[in-house]
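User: I'm new to reading protein models, and I'd like a close look at one spot where two helices pack together. Could you walk me through it?

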Amino acid sequence: MARIIKKYGERRTEFLNTAQELFFTKGYEQTAVETIIKKMRLSKGTFYYYFKSKEDLLDALIERMTEKILEEVRKIVDREDLDAIAKLNRAYAVTRSVKLENIELLKVLLKVLYDDKNLLFRYKIYRNSIEILAPEFSKIIRQGIKEEVFDTDFPDEAAKLIFEMAYIFSERIPKLLLGNDKNLDEAEKKFRVYENAIERIIGAEEGTVKIVNRNVLKDFSEKIKN
């Protein structure tokens, strides 16, 4: 029987899809590298040709989701029929949509990244997302400056600061989304604070930035819990 040889990208995608399925069904901690290669009927050497570790594989899954977000955000940034405010709010909306599409991966991340022992790994993930997404948000801010709806002398730094704040802000939000209605009230309040902070950083009028509303938070909360 002839041996099937797959291209690098095809095999790597197969690893990602298999690992994602196992992380969802068995849990990240309960899924060993041996479990992944056994399901794929491959050798351990083949796994380590593509990934340094199980953590590296999880990192790749997150990067794949982030690249999808980048793809959708770029479509918005490149549109000539939208003003900067519309682009900014749509960029947040499409980010939310992609995350909802990957809700099972988010469930895995909540269990893994918010374990104190994975603090450095979590920070690395956020640093990577900043490098990938901040330049696109900077373009939106620059457009807003030209349209005189944003007022800042530092669009690139402002974009990065928005994501830096998101990292700090995210420390509390996941736990609140897993709680009751009172917790959702607190989460909604924190989002209002975050929106207001973004407006101050980019020099926009109050009420300009709209990231989420109560219904969106409730939807996220229900999907994460189920």
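User: Which residues in H4 meet which residues in H6?

Analyst: Happy to. Keep in mind that this is a predicted model. The chain has an average pLDDT of 89, and 97% of its residues score at least 70. Confidence peaks in helix H2 (residues 33–40), with a mean of 96, and bottoms out in helix H9 (residues 173–177), at 74.

Now to your spot. From H4, the residues involved are Leu-58, Leu-61, Ile-62 and Met-65, and they meet Leu-105, Leu-106, Val-108, Leu-109, Val-112 and Leu-113 of H6. Sorted by class, that contact is made of ten nonpolar residues, with no polar and no charged ones.

How do the helices sit against each other? Two packed helices are described by the angle between their axes and the distance between those axes. Here, H4 covers residues 54–77 and H6 covers residues 103–113, and their axes come within 12 Å, crossing at roughly 135 degrees. An angle over 145 would count as roughly antiparallel, and 65 to 115 as roughly perpendicular, so H4 and H6 are oblique to each other. Their crossing is left-handed.

One more neighbour is worth a look: Gln-20, which belongs to helix H1 (residues 8–26). Leaving out residues up to four places away in sequence, Gln-20 touches Leu-61, Arg-64 and Leu-105. Two of these names should ring a bell: Leu-61 is on the H4 side of the contact and Leu-105 is on the H6 side. Is Gln-20 buried or exposed? Its relative accessibility is 18%, so Gln-20 counts as buried, the cut-off being under 20%.

Definitions and conventions
Residues are numbered from 1 along each chain as its sequence is written. This is a predicted model: local features need pLDDT of at least 70, side-chain atom pairs count only at pLDDT 80 or more; totals for chains, interfaces and linings use all residues. Side-chain values use heavy atoms; hydrogens and water are left out. Axes are lines fitted to C-alpha atoms, for helices over the stretch in contact, and angles run from 0 to 180 degrees between N-to-C directions. Helices (H or I, at least four residues) and strands (E, at least two) are DSSP runs, numbered from the N terminus. Angles under 35 degrees count as roughly parallel, over 145 as roughly antiparallel, 65 to 115 as roughly perpendicular and the rest as oblique. A crossing is left-handed if the near helix is turned anticlockwise from the far one by less than a right angle, and right-handed if clockwise. Contact means heavy atoms within 4.5 Å. Ala, Val, Leu, Ile, Met, Phe, Trp, Tyr, Cys and Pro count as nonpolar, Asp, Glu, Lys and Arg as charged, and the others, Gly among them, as polar. pLDDT is the predictor's confidence in each residue, from 0 to 100. Buried means under 20% relative accessible area, exposed over 50%, partly exposed in between (1.4 Å probe, protein chains only).
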